[in-house]
Amino acid sequence: MISALIALPVTLLVAGFVLAQLSPDTPAPTPSASATTARAQSTAPVEMAAPALAARPATVCRALLSQLPPTVRDLNQRPVTAGPEQNAAYGDPALTVACGGAEPTIPPTDEVWMVNKVCWHAAEQTDATVLTTVDRETAVTVRVPRAYGQPLQWAAPISDTIVASVPSGGDTPAGCQG
């Protein structure tokens with residue numbers, strides 16, 4: 001009985017020491033927002049221009065905007081200040097989609113990328129990458145803020161909708177053929 005009274009406190013003392021040695025010295029880092037975690041998003045309207053469109057581009061843009069998904073990856077769609085029939089916005093900072101703009105002039109040495117059967121040209125700005133279709137009857141521009149990284153990955157779900165609603169047209173750059 002005396003040995004049991006001595007063994008029990010010694011066992012508890014050894015167990016406490018072992019647990020203290022196995023626990024980490026620094027606490028685990030708190031998770032940050034990523035493409036798989038929810039992030040706080042504004043629901044305020046996004047400032048966008050809405051230039052007048054000719055009849056055919058206006059029809060194509062209405063078809064595109066009516067088919068855009070309610071979310072792009074983890075970004076919820078937001079209202080826009082002008083042209084909801086040709087503009088859309090997602091998340092905060094806003095990833096924007098504008099339909100009916102001018103096609104970019106592509107220098108022969110610039111690269112173009114095929115994403116889900118849509119050919120895109122990228123123009124770098126200080127705070128965003130601007131992707132514009134170069135193989136469609138009506139140009140579509142997607143502005144991806146730098147905070148999101150990898151702009152072509154953000155274009156993928158939008159590309160699927162473009163294929164379904166904006167006909168191919170014009171000359172396709174060599175980098176987007178076959």
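Exposed means over 50% relative accessible area, buried means under 20%, and partly exposed lies in between. The exercises below use these cut-offs on a predicted model.

**Exercise 1. Ala 49**

Task: Place Ala 49 in the fold and decide whether Ala 49 is buried or exposed.

Solution.
- Start with the location. Ala 49 sits in the loop between α1 (2–22) and α2.
- Next, take the accessibility. Ala 49 has 60% relative accessibility, so Ala 49 counts as exposed.
- Then look across the sequence. Gly 83 is 34 residues from Ala 49 in sequence, yet the C-alpha to C-alpha distance is 7.2 Å.

**Exercise 2. The sheet**

Task: Work out in which order the eight strands form the open sheet, and which strands are the edge strands.

Solution.
- Trace the order. The strands run β1-β2-β3-β4-β8-β7-β6-β5, with antiparallel pairing.
- Find the ends. β1 (71–72) and β5 (112–115) are the edge strands, and each pairs on one side only.
- Add the helices. Helix α2 (residues 55–67) packs on the sheet and touches β3, β4 and β8 (139–145). The direction of α2 makes about 155 degrees with that of β4.
- Helix α3 (residues 151–165) lies across β1, β2 (75–78), β4, β5, β6 (118–124), β7 (128–133) and β8. Its angle to β6 is about 140 degrees.

**Exercise 3. Strand β4 and its partners**

Task: State how many bridges join β3 to β4, and how many join β4 to β8.

Solution.
- Take β3 (residues 87–90) and β4 (residues 95–101). Four bridges join these antiparallel strands.
- Name bridge partners. Asn 87 is matched with Ala 98 in β4, and Ala 89 stands opposite Thr 96.
- Inspect the connection. β3 and β4 form a hairpin with four residues between them. In the turn, Gly 91 has a positive phi of about 70 degrees.
- Turn to β8. Five bridges join β4 to β8, again antiparallel. Here Cys 99 stands opposite Val 140.

**Exercise 4. Thr 96**

Task: Decide whether Thr 96 is buried or exposed, and list which residues Thr 96 is in contact with beyond its neighbours within four places in sequence.

Solution.
- Locate the residue. Thr 96 belongs to strand β4.
- Apply the cut-off. The relative accessible area of Thr 96 is 13%, so Thr 96 is buried.
- List the contacts. Leaving aside neighbours within four places in sequence, they are Val 46, Met 48, Ala 88, Ala 89, Thr 141, Val 142 and Arg 143.

**Exercise 5. The disulfide**

Task: Identify which cysteines the disulfide joins, and explain which parts the pair ties together.

Solution.
- Count. There is one disulfide.
- Identify. Cys 61 is joined to Cys 99, with an S to S distance of 2.1 Å.
- Assign the hand. The angle about the S-S bond is -85 degrees, and the link of Cys 61 and Cys 99 is left-handed.
- Explain the tie. Cys 61 lies in helix α2 and Cys 99 in strand β4, so the pair ties together parts 38 residues apart in sequence.
- Check exposure. Both Cys 61 and Cys 99 are buried.

**Exercise 6. Around Trp 154**

Task: Classify the aromatic pair of Tyr 148 and Trp 154, and say which residue lies over the face of Trp 154.

Solution.
- Count. The structure has one aromatic pair.
- Classify. Tyr 148 and Trp 154 are 5.0 Å apart, centre to centre, with 40 degrees between the planes, and the pair is tilted.
- Check exposure. Tyr 148 and Trp 154 are both buried.
- Look over the ring. Arg 73 lies over the face of Trp 154, 4.2 Å from the ring centre.

Definitions and conventions. Residues numbered from 1 in each chain as written. Predicted model: local features only at pLDDT ≥ 70, side-chain atom pairs only at ≥ 80, totals over all residues. Heavy atoms only, no water. Phe/Tyr/Trp six-rings, centres within 6.5 Å; stacked < 30°, edge-to-face > 60°. Buried < 20%, exposed > 50% of the residue type's maximum accessible area, 1.4 Å probe, protein only. Lys NZ or Arg CZ within 6 Å of the ring centre and 35° of its normal. Pairing = 2+ DSSP bridges. Helix = DSSP H or I, 4+ residues; strand = E, 2+ residues; numbered from the N terminus. Contact = heavy atoms within 4.5 Å. Axes fitted to C-alpha atoms, helices over the stretch in contact; angles between N-to-C directions. Disulfide = S-S within 2.5 Å.
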